Structure formats: structure tokens, C-alpha cells
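Visitor: I'd like a close look at one part of this protein, the enclosed space inside it and what sits around it. Could you walk me through that, and then through the ligand site?

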Amino acid sequence: MDAAGWLAKAESFLAERDVPEARASAEFLLAEVLGVGRGTAAARGERALTERQAFQFWDWVKRRGRREPIAYIVGTQPFLGLDLEVSRDCLIPRPETEELVLECERLIASVPAPKILEIGTGTGCAAIALSQLLPQATIFATDVSDKALALALKNAIAHNVHHRIRFVREDLFSDRQSLRGWADLVVSNPPYVPSRDVDRLEPEVRMEPRLALDGGPDGLDAIRAIVAGAPKMLKSGGALALEIEERQGAAVSRLLNAAGFSGVHVRKDASGRDRIAVGRLPEK
Ligand SMILES: C[S@@+](CC[C@H](N)C(=O)[O-])C[C@H]1O[C@@H](n2cnc3c(N)ncnc32)[C@H](O)[C@@H]1O
């Protein structure tokens, strides 16, 4: 069968299983199998697939039919121009987190050699992107998942920034003495989905680690701990930037103000939803 035939077969297989954007999923997977750019696979409709390509393609289509995210199937995800390895041990990096990284860059633009503490690094996407955007930065990145940390280190090595990021297994803030007053910036995309909502998420998202999603009864467990712990780790004038869920803007702003942060504000994404909360410790 030629590429066009496989594409049509895959599209109807995925559509029968209610996979969103069945055609686009099939085209993306076929392009990956053929090693060509997305969108060109369809154009190569008369090209015959080798037996190996056909086997791989159909294996991937079946996985997509079980609602496995495409990033897990192909094993990579782009993030701010970086190609990151992903696996089911970590959250798939999202565009919102690209915005968080760009906000961090703005927050510490004036600091010559910034020190950055990231809580919950996952694939290492934010730490790695920040180390590329800010070549003078020193970064300390934590997670409680050993498997995520191993992947983050692998990604950092692949992008040659491993010598500037220290990946450490650490539970939120375990009050590490050496980090007291150390950071110019604390950043986190913490688990923030309210527990009762996790089981109602799209099947693709439910395949991601619960540890990366579940933020407790109101989704704010990790955020509360970070807001309470960050002032000890920050220098005076240091900033805290958090990715939040769209309904959490007001609550997180209250938490930041109560913890003594000033200039507290919430940034919205392109669709007008609250996504990033920021505060700064007053200068002493
Ligand atoms: C929403 S994911 C974010 C991952 C990555 N930074 C990103 O933006 O794609 C949250 C991360 O926090 C980690 N995490 C969960 N509980 C934690 C804790 N108590 N201390 C440190 N990290 C934690 C999870 O393992 C997960 O990697």
C-alpha cells in the first residue's frame, strides 16, 4: 500500500476511536516514520512504505488509538526551539511553560550572573531553556521523581548545558541551608490540578504522571508550599514566578501578598486565561 492508502486507513481507524484530529495525528505519525517534515507525508502519497515503515506506522497508530499522546509515541517534544526527549515518566512540556520561561528571562534580565532555583523540573525543559537564554545563569533544579531527573539530565547533556544545571532529588523546599538567600529567581510549574479534576482530564493527559498533575484538594498544595518556602531561598529583591491554573489567579495573588511579596501580578495567556503569577521580595 502507498503512503496515501496508509494515511486513509489510519485516519478512519483513529476517527472510529474518537481520537481528536484523526487526520492530523495520522499525518504527523506518517511524516515521523518517513523522516520528512510534517505536512509533506500526504504530498508523498504514491510513495510505497517499506515493510519496516509500515510496521512502525501501524504500531504508532494503534497507540494513538489508545489515546497515547503523540509526544510519548514519538519520544520527543519541541520546547522554545529545543528538541526534548520525553517519556511517560514526565509531563510533556507545554506552550504555557514556554511563556513562563520567557517571563523569567524578563524578570532577571538586569541580573548579570543570575542564580535560579527551579522546583519540579520534569524533562528539564524550563531549566534547559533558561540556561540557553541566560548563558551566565547558574541553575539548581529539583524534582521528587528520580526517573524525571534522569531524563532531565539526559536532555541537559544533549543540549550541552549540564555543567550549568545541578539536578537534585528534593521534596519542594526541604530547607536546604546552602540555598538560603541564594536565588535571584525561584520558578516552578508545580502540580496544580485539583485532585477531583484529575480523573476528568482528557485521556491523553491522564497518561501523564499523576505526581506532575495533582495539586491536592484545591490544586494549591504545592503552590502554598512554594510561596511559603521561596522567601527563605531568595535574595532581597528576588522574584518568584509560578505557572498556575486559570482559576487560581486571585487565590495565588493573595498567597503571594500574604507571604510578603510585592508587585504581585498575574499574566494571561493568548486566550485571556490567568497562567503565570509573579511576585518580588522587597529590596532591603
Ligand atoms: C507540572 S510538572 C512540571 C514539569 C516541568 N517543569 C514542565 O514544566 O514540563 C510538576 C513536576 O513537579 C514534580 N513534583 C511533584 N511533587 C513534587 C515535590 N513535592 N517536590 C518537588 N517536585 C515535585 C513532578 O514530579 C513534576 O515533574
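How many cavities of 30 Å³ or more does the structure hold?

Guide: Keep in mind that this is a predicted model. The structure holds 1 cavity of 30 Å³ or more. As for volume, the largest cavity comes to about 40 Å³. Two strands each give two or more residues to its lining: strand E3, which spans 115-119, and strand E4, which spans 138-143. If you want to click through the lining, start with Leu-117, Ile-119, Phe-140 and Thr-142, then go on to Glu-170, Leu-172, Phe-173, Ser-174 and Arg-176, and finish with Leu-179 and Met-233. Sort the lining of the largest cavity by class and you get 7 nonpolar, 2 polar and 2 charged residues.

Now hold on to Leu-172, because that name takes us over to the ligand. Leu-172 is one of the residues lining the largest cavity, and it is also listed among the closest to the ligand, along with Gly-120, Asp-143, Asp-171 and Asn-189. In total, 19 residues surround the ligand. By class, that shell has 9 nonpolar, 6 polar and 4 charged residues.Here's how the polar atoms pair up. With Leu-172, the backbone does the job: one of its N or O atoms lies 2.7 Å from a nitrogen atom of the ligand. With Asp-171, a polar side-chain atom lies 2.7 Å from a ligand nitrogen atom. Asn-189 also uses its side chain, where an N or O atom is 2.8 Å from an oxygen atom of the ligand. As for cover, the ligand taken alone exposes 590 Å², and the protein buries 93% of that.

To place this in the whole chain, the protein is divided into domain 1 (3-66) and domain 2 (90-280). The C-alpha centres of domain 1 and domain 2 lie 36 Å apart.

How values were computed:
Residues numbered from 1 in each chain as written. Predicted model: local features only at pLDDT ≥ 70, side-chain atom pairs only at ≥ 80, totals over all residues. Heavy atoms only, no water. Near = heavy atom within 4 Å. Polar contact = N/O pair within 3.5 Å; in protein donor to acceptor, adjacent residues only side chain to side chain. Areas by Shrake-Rupley, 256 points an atom, 1.4 Å probe, with all protein chains shown as cover. Nonpolar A, V, L, I, M, F, W, Y, C, P; charged D, E, K, R; others polar. 1 Å grid on protein atoms, 1.4 Å probe; cavity = no way out; pocket = protein on both sides within 12 Å on 5 of 7 lines; lining within 4 Å. Points joined across faces, edges and corners; volume = space filled by probe spheres on them. Helix = DSSP H or I, 4+ residues; strand = E, 2+ residues; numbered from the N terminus. Domains from an automatic or database assignment.
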